[in-house]
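Colleague: Could you take me through one part of this model in some detail? I'd like the sheet, and then a bit of context around it.

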Amino acid sequence: MVKLTDEQNKMYDGEYGPGVQKAMAMLVKYGDIFGAECMIKVDSAHVDIWGPVEVLSQMLEVVDQARAFTTVHSLKPSTTKWAMGMGIRPEVVEQDTKTHEKRVKLYQKAGFLRAFTCAPYLVGNMLRPGTIFSQAGTSGIIIGNSLFGARGNRDAVNAAICSAITGVTPKMLLHRPENRRAELVAQLQGLDLKNLSTADFGALGYYIGAVAGLRNVAVVGIPSSLSFEKLKYFLSAMPVSGGVSLCHIVGVTPEAPTLEAALGNGKPQETIEVGKNEIEEIYQRLNTAKTDQVDLVCLGCPHYTISEIKSVAQLLDGRKVKEGVRVWVSTADSVYTLAKRMGYVDIIEKAGGLVVTDMCMSSMPALEIDVKTSATDSAKVAHYQPGADVGVEMLYGSTEQCIATAITGKWGG
Amino acid sequence: MILKGKTVNEGKAEGEAIVSKLPFSFVGDLEVASGKVIVKGHDLEGQSLKGKIFVFPTGKGSTIGPWFAYQAKVLGNLPTGMICTEVEPVIAMVAIMNEIPMVHKLDKNPVEVIKTGDYIKMDAGAEVVEVVKNKRNGVSP
């Protein structure tokens with residue numbers, strides 16, 4: 001059983017109202033399943049806004065202020081200011097906007113920061129070694145553990161909300177050093193890493209994630225000079241095909257200066273070699289389209305950094321997107337402001353693309369927009385868009401290939 | 001056959017088993033509107049989880065699972081009980097939030113000893129699962 005402090009017991013007993021009580025009860029139940037002995041203070045929370053409004057009301061209506069620093073995840077495209085410009089059906093926009101406004105009121109009251117991004121590290125939700133976080137969104141979780149050296153579990157959306165409300169989470173799983181050892185070692189073999197695209201890194205991560213399942217991974221062979229963006233694509237694909245929340249990149253991850261450190265001086269359960277064939281296998285799996293005619297190009301999942309937007313602007317500068325093809329470049333609002341100031345947004349718009357903010361493109365329902373074939377440089381988008389309720393066919397390749405496709409309308413450029 | 005396990009979420013449930021060997025996500029693997037598994041090449045492709053006891057190894061993928069499962073619940077398309085080899089945090093919260101009776105860590109691996117079509121009676125609070133073999137599935141291993 002999870003032991004509670006006096007203050008936590010007051011929450012559990014309802015002295016701070018039913019919202020806090022319910023959140024604490026859920027966290028106790030959650031901790032009991034995974035053998036937690038106590039709660040631990042949460043320094044950073046990140047919550048998701050897609051929740052059913054009646055459930056969020058029950059959780060938040062009677063909560064005055066969140067006890068943890070909390071940012072809010074990206075939205076459905078239909079609830080953003082870009083919806084009409086993206087061609088989302090007006091009846092969908094109208095319906096989704098109503099419930100969205102109710103959610104916004106609940107989050108405002110709780111003091112959740114409406115950053116509306118899947119990349120909380122872009123908007124001041126900062127992590128460092130040892131920080132305890134409870135964040136919805138698997139890319140943020142694996143990046144938080146693996147690049148920033150912070151400690152957080154694969155918390156579900158509602159677990160993260162409970163932590164935001166109470167300021168605590170059960171101390172368990174990846175909070176404990178003994179559970180952070182790598183179990184699977186992946187050695188990169190025969191790859192010219194300097195010339196791999198972000199999509200190649202996404203494919204590598206997707207392959208490793210499928211083998212790893214929920215296990216911690218250590219990767220050998222990545223130079224510490226590799227860009228944040230490539231690491232982002234590599235890591236964020238792992239909890240899509242699998243459920244990896246910690247991947248020690250030897251020489252990059254703060255707690256893994258060596259493979260021995262990543263393994264906690266123990267032995268791995270399994271060692272695999274990953275190279276060209278594995279990348280090719282994932283391209284085969286994620287490229288589901290039977291045509292090379294593209295309707296939509298989706299870039300920015302996880303949300304693009306300013307460097308990535310700059311690259312796209314350079315690729316599109318002075319060129320024109322083919323009529324009938326939509327190009328969406330997705331980022332956080334604060335990054336958009338900077339990109340606008342630097343002229344990148346104007347270049348992309350002049351070419352016929354659209355820089356959009358606040359949204360998640362990866363689970364875009366088919367009901368919202370008429371798209372048959374979608375091209376992307378993100379393994380997440382390639383995996384999730386054809387999933388639940390969608391039926392879109394995918395083309396997956398590098399950013400350069402996606403931009404070339406946008407200009408010709410045909411995959412392959 | 002009687003199996004003993006650990007509680008994920010209390011409650012009693014019974015029904016026909018549907019067994020997958022693959023880690024599952026309620027985001028992407030399940031069509032909320034029908035309760036069917038829609039992924040091409042999935043070992044349950046085209047089959048419905050609705051009203052059944054869903055037996056699978058563990059979870060994977062998106063942390064938004066509990067919300068998608070809730071939408072399926074509103075439409076009456078969720079399994080009535082769940083059994084995992086070993087649960088992970090997202091599937092645990094799917095069960096807790098949606099009040100699905102669930103056990104894991106059984107004394108035998110459920111995805112090996114339970115077959116689709118077997119009849120299951122489970123009491124998750126008491127940590128007991130009774131498996132009545134479907135004759136078509138033969139004798140239990």
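**The open sheet and its surroundings**

Modeller: Sure, though keep in mind that this is a predicted model. Let me start with how the chains meet: 29 residues of chain B are in contact with 29 residues of chain A. On the side of chain B that touches chain A, the elements giving two or more residues are strand 4 (30-31), helix 1 (65-74) and helix 2 (89-97) of chain B. That side of chain B breaks down into 18 nonpolar, eight polar and three charged residues.

Now the sheet itself, which sits in chain A. Four strands make up an open sheet in the order 9-8-7-10, and the pairing is parallel. At the edges you'll find strand 9 (247-249) and strand 10 (270-274) of chain A, each of which pairs on one side only. From one strand to the next, the twist averages 20 degrees. Zoom in on strand 7 (residues 184-188) of chain A: five bridges join it in the parallel sense to strand 10 of chain A. If you want a spot to click on, A:Leu188 stands opposite A:Val274 in strand 10 of chain A. As background, strands of a sheet pair through backbone hydrogen bonds.

As for the chain that holds this sheet, chain A has 16 helices and 15 strands. The radius of gyration of chain A is 21 Å, close to the 22 Å from the globule rule for 413 residues, so chain A is as compact as a globular protein of that length. Along the principal axes, the C-alpha atoms of chain A fill a box of roughly 65 × 55 × 35 Å. Of the 413 residues in chain A, 55% are buried. Finally, among contacts in chain A with a separation of 6 or more, 79% come from residues 24 or more positions apart.

Note on methods: Residues are numbered from 1 along each chain as its sequence is written. Chains are lettered from A and ligands numbered from 1 in the order in which they are written. This is a predicted model: local features need pLDDT of at least 70, side-chain atom pairs count only at pLDDT 80 or more; totals for chains, interfaces and linings use all residues. Two strands pair if DSSP finds at least two bridges between them. Axes are lines fitted to C-alpha atoms, for helices over the stretch in contact, and angles run from 0 to 180 degrees between N-to-C directions. Two residues are in contact if their C-beta atoms, placed from the backbone, lie within 7 Å. Ala, Val, Leu, Ile, Met, Phe, Trp, Tyr, Cys and Pro count as nonpolar, Asp, Glu, Lys and Arg as charged, and the others, Gly among them, as polar. The radius of gyration is taken over C-alpha atoms; the globule rule is 2.2 Å times the number of residues to the power 0.38. A residue is buried if 20 or more other C-beta atoms lie within 10 Å of its own, exposed if 12 or fewer, and partly exposed in between; C-beta atoms are placed from the backbone.
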